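Here is a friendly walk through one structure, written for someone who likes to think in atoms and volumes. Please have a look at the model first, and then read on.

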Amino acid sequence: MMVRIKGKGLKINLSVIFVCLSCFFVSAQQKPYTIIMERINLDLQVGINDGVLTKRINKNLPALLPDGSWTDINYADAQYDPLNRIKDMATAYIRQSNKLYQNKEMYGAIVKALQNWLDKNPKNKNWWYNDIFYPQAIGQTLILMRNAKTQLPVELENALINRMIRKLKTGDGANTSDEALHYLYRACLTQNKATLDSAAKYLFEPITIADGKEGVQVDGSYYQHGKQQAIASYGRVFAGNSVNAAFYLRGTEYALPKDQLAILVNYLKNTFLKTVRGSFYDFNVRGRGISRKDSLSSGMGGMVGKIKLFDPENADYWDAAQLRTSGKKPVDYGITASHSQYWKSGYTLHLRKAYTFSVQTASSRTLRTERGNNENILGKFLPDGATNIQRSGSEYANLMPVWEWDKIPGTTSRDYADDSGATVLKEWGIPGSTKFVGGVSDGFYGVSCYDLNYDSVQAKKAWFFFDQEVVCLGAGINSNAIQNITTTINQVWLRSNVSTSNGIQKNGKSEVWALHDSIGYIFPHGGNLEISTKAQSGSWYRVNHFQSKTELKHNVFKMWLNHGQNPQNGSYQYIVVPGIDVAGLKKYNRSMIEILKNTDEIQAVKHTGLNMLQAVFYKPGTLNADGLSLRVDQACTVYIKNINGKNPTLYIADPAQQNASINVLLKLPAMLKPQNINCNLPAGALSGATATFKIKE
Ligand code: CA
């Protein structure tokens with residue numbers, strides 16, 4: 001049917017509305033099974049390249065033995081294959097665009113291989129394959145084959161559907177939704193209401209906020225395996241499954257309820273997608289997955305495109321995110337400045353159009369980044385203030401095999417002679433060792449701190465986040481270890497020449513700078529700076545025993561400050577200026593940054609250009625500078641905006657998450673006498689969050 005109205009644009013618009021309305025009308029009348037199954041079917045074929053698919057099948061199909069098995073597969077410990085091979089064939093069989101569409105020989109192979117699977121009933125030692133991957137892959141194959149001209153034999157299909165049945169492990173976050181997804185497949189295949197009811201319930205079960213439990217936290221971060229930051233590791237599974245579920249069930253009686261939609265949208269928009277620069281993840285959010293090949297490639301485009309169909313309100317945002325993460329638009333497309341302090345997870349994320357800068361820390365309230373199943377073997381120092389600095393996004397992508405793992409960017413640690421020192425000895429996460437870990441934020445700027453006491457190294461580390469730059473301070477660096485103690489500035493792909501100021505020299509005391517790959521580094525007090533641009537070798541196996549042993553060699557830019565052996569009260573300071581060239585760095589107005597104090601009691605930076613002050617008080621104390629006086633009666637992080645202007649504002653947080661209130665005595669330069677501000681802090685689940693106080697002038 002066609003609605004003819006004058007004016008081309010109007011006609012098209014109305015047609016679209018008309019088509020949508022008719023879809024809705026049909027969907028309201030039909031049982032949901034058919035609609036949902038058709039959505040899953042189409043979704044399974046998104047991004048399929050027929051040429052690539054056919055090539056794979058042409059390799060696997062002739063190798064199939066008459067009994068429906070493959071010789072190169074160990075059925076006693078089957079992983080993705082043979083089910084992925086069978087799914088490939090089912091996909092090609094129903095696609096008119098594929099050369100093997102309705103191919104009789106391949107149909108026979110599909111039936112034989114499925115029958116063989118049924119008879120053998122393979123099991124893997126890892127429960128994930130048995131309870132998640134196998135039933136999901138079987139369900140997907142059966143759904144695809146429902147679109148075939150010649151359907152699978154009924155007995156075979158029924159037996160396979162029965163084989164998909166598992167008992168759901170509820171309350172297990174991303175794993176629960178993963179299992180509920182094959183319930184959804186089975187519900188559609190059997191048109192069973194009870195199965196669909198529980199599938200919908202458990203698909204959406206993880207979309208909730210339960211303080212301290214696994215899943216989404218009140219600060220927008222994500223926990224799994226205890227109180228461990230898992231934003232784009234298990235949080236990626238959670239996001240993907242929840243998006244798929246909401247996408248499949250939209251517009252039906254099973255659609256995602258509004259309050260849960262708000263939680264999911266907030267997680268995707270304000271946390272998850274912010275950790276992707278261009279199409280690459282921040283290395284700080286991948287958990288032990290950092291040790292897998294391609295694990296920083298987000299592969300996000302398909303998922304983001306679905307969101308606007310169940311959240312049309314933010315359609316513009318999702319469109320921009322899709323274009324950006326799929327590489328169709330530049331990495332800064334649709335990026336707005338933000339600063340997020342995830343005080344539950346020890347994670348700080350600072351976003352600007354020109355760069356992403358994040359920090360990961362551990363505290364006695366959280367677990368350090370886990371090693372598990374022999375993955376992330378060398379990630380011992382990952383939560384010790386690791387800084388992820390991205391411009392293009394790909395700075396660290398697939399560099400992990402050749403990383404020197406006791407020189408993770410941002411961290412202060414012992415410099416061991418070999419990998420043994422960076423090896424994580426206990427699996428599944430170890431609690432952090434200190435409590436003064438966190439920071440203060442107004443959503444755009446902030447300061448974070450980390451009281452490091454690990455592996456016989458102590459340091460007070462802090463990061464001050466502004467627009468053009470991030471100031472990194474370290475103080476109270478002590479160790480009695482026999483190794484040198486180093487603070488690594490960065491370790492990334494070598495992408496350009498390294499430019500340095502003429503004054504660069506070991507053990508220098510005057511200001512020097514270095515520049516690599518459009519990121520400037522300024523060292524106001526010099527230091528014992530070392531730079532390497534040599535090739536480094538290693539294999540994925542070195543960091544993950546499931547990965548390839550192939551030896552790789554990559555050119556790496558690595559820069560670190562060497563504090564030497566037995567440092568006593570050592571310190572460092574450097575300013576990172578991303579998005580700059582040599583000429584820009586020479587013109588850069590360094591005088592805007594005043595490092596007021598860098599001791600193990602107070603670290604404070606004033607930014608005169610932005611008219612703000614940020615400070616970390618590791619104990620009660622007073623800071624006096626430039627006619628400003630700030631006294632606090634408890635350890636805290638403080639940030640004052642508009643110090644010399646109208647409407648000054650005080651932001652304060654307790655990183656130790658133990659004080660109900662903090663008393664501040666503040667005298668801004670324009671004040672005649674100091675003001676007493678009694679700052680009541682957020683409590684309960686919000687303990688550690690920032691409190692805001694407008695200051696009367
Ligand atoms: Ca080393």
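The report below covers a sheet, a metal site and the enclosed cavities. Please keep in mind that this is a predicted model.

**The sheet**

Let us start with the strands. An open sheet is built from six strands, and their order across it is β22-β23-β24-β27-β28-β31, with antiparallel pairing. At its edges lie β22 (593-598) and β31 (691-694), each of which pairs on one side only. On average, neighbouring strands of this sheet are turned by 15° against each other, with direction ignored.

You can zoom in on one pair here. Strand β23, covering residues 602-607, runs antiparallel to strand β24, covering residues 612-617, and six bridges join the two. One of the residues to look at is His607, whose bridge partner in β24 is Met612. As general background, the strands of a sheet pair through backbone hydrogen bonds, either parallel or antiparallel.

**The calcium site**

Which residues coordinate the calcium ion? The donors are Glu404 (OE), Asp406 (OD), a second entry for Asp406 (OD), Asp415 (OD) and Tyr416 (O), at 2.2 to 2.5 Å. Along the sequence, the spacing of these donor residues reads E-x1-D-x8-D-Y.

Is Asp406 buried or exposed? Its relative accessibility is 3%, and buried means under 20%, so Asp406 counts as buried.

**The cavities**

Searching the whole structure turns up six cavities of 30 Å³ or more. The two at the top of the size ranking are set side by side here.

| Cavity | Volume | Nonpolar lining residues | Polar lining residues | Charged lining residues |
|---|---|---|---|---|
| Largest | about 120 Å³ | six | nine | two |
| Second largest | about 50 Å³ | four | six | no charged residues |

The largest cavity is lined by 17 residues, and those closest to its centre are Gln229, Asn284, Gln360, Thr369 and Pro383.

For the second largest cavity, the lining consists of Gln341, Gly346, Thr348, Val359, Thr361, Val437, Gly438, Ser448, Cys449 and Trp463. Which strands each supply at least two residues of this lining? They are β7 (355-361), β10 (437-441) and β11 (446-454). No charged residues are found in the lining of the second largest cavity, whereas the lining of the largest cavity has two.

Note on methods:
Residues numbered from 1 in each chain as written. Predicted model: local features only at pLDDT ≥ 70, side-chain atom pairs only at ≥ 80, totals over all residues. Heavy atoms only, no water. Pairing = 2+ DSSP bridges. Helix = DSSP H or I, 4+ residues; strand = E, 2+ residues; numbered from the N terminus. Axes fitted to C-alpha atoms, helices over the stretch in contact; angles between N-to-C directions. Donors = N, O, S within 2.8 Å, 3.2 Å for Na, K, Ca; no water. Buried < 20%, exposed > 50% of the residue type's maximum accessible area, 1.4 Å probe, protein only. 1 Å grid on protein atoms, 1.4 Å probe; cavity = no way out; pocket = protein on both sides within 12 Å on 5 of 7 lines; lining within 4 Å. Points joined across faces, edges and corners; volume = space filled by probe spheres on them. Nonpolar A, V, L, I, M, F, W, Y, C, P; charged D, E, K, R; others polar.
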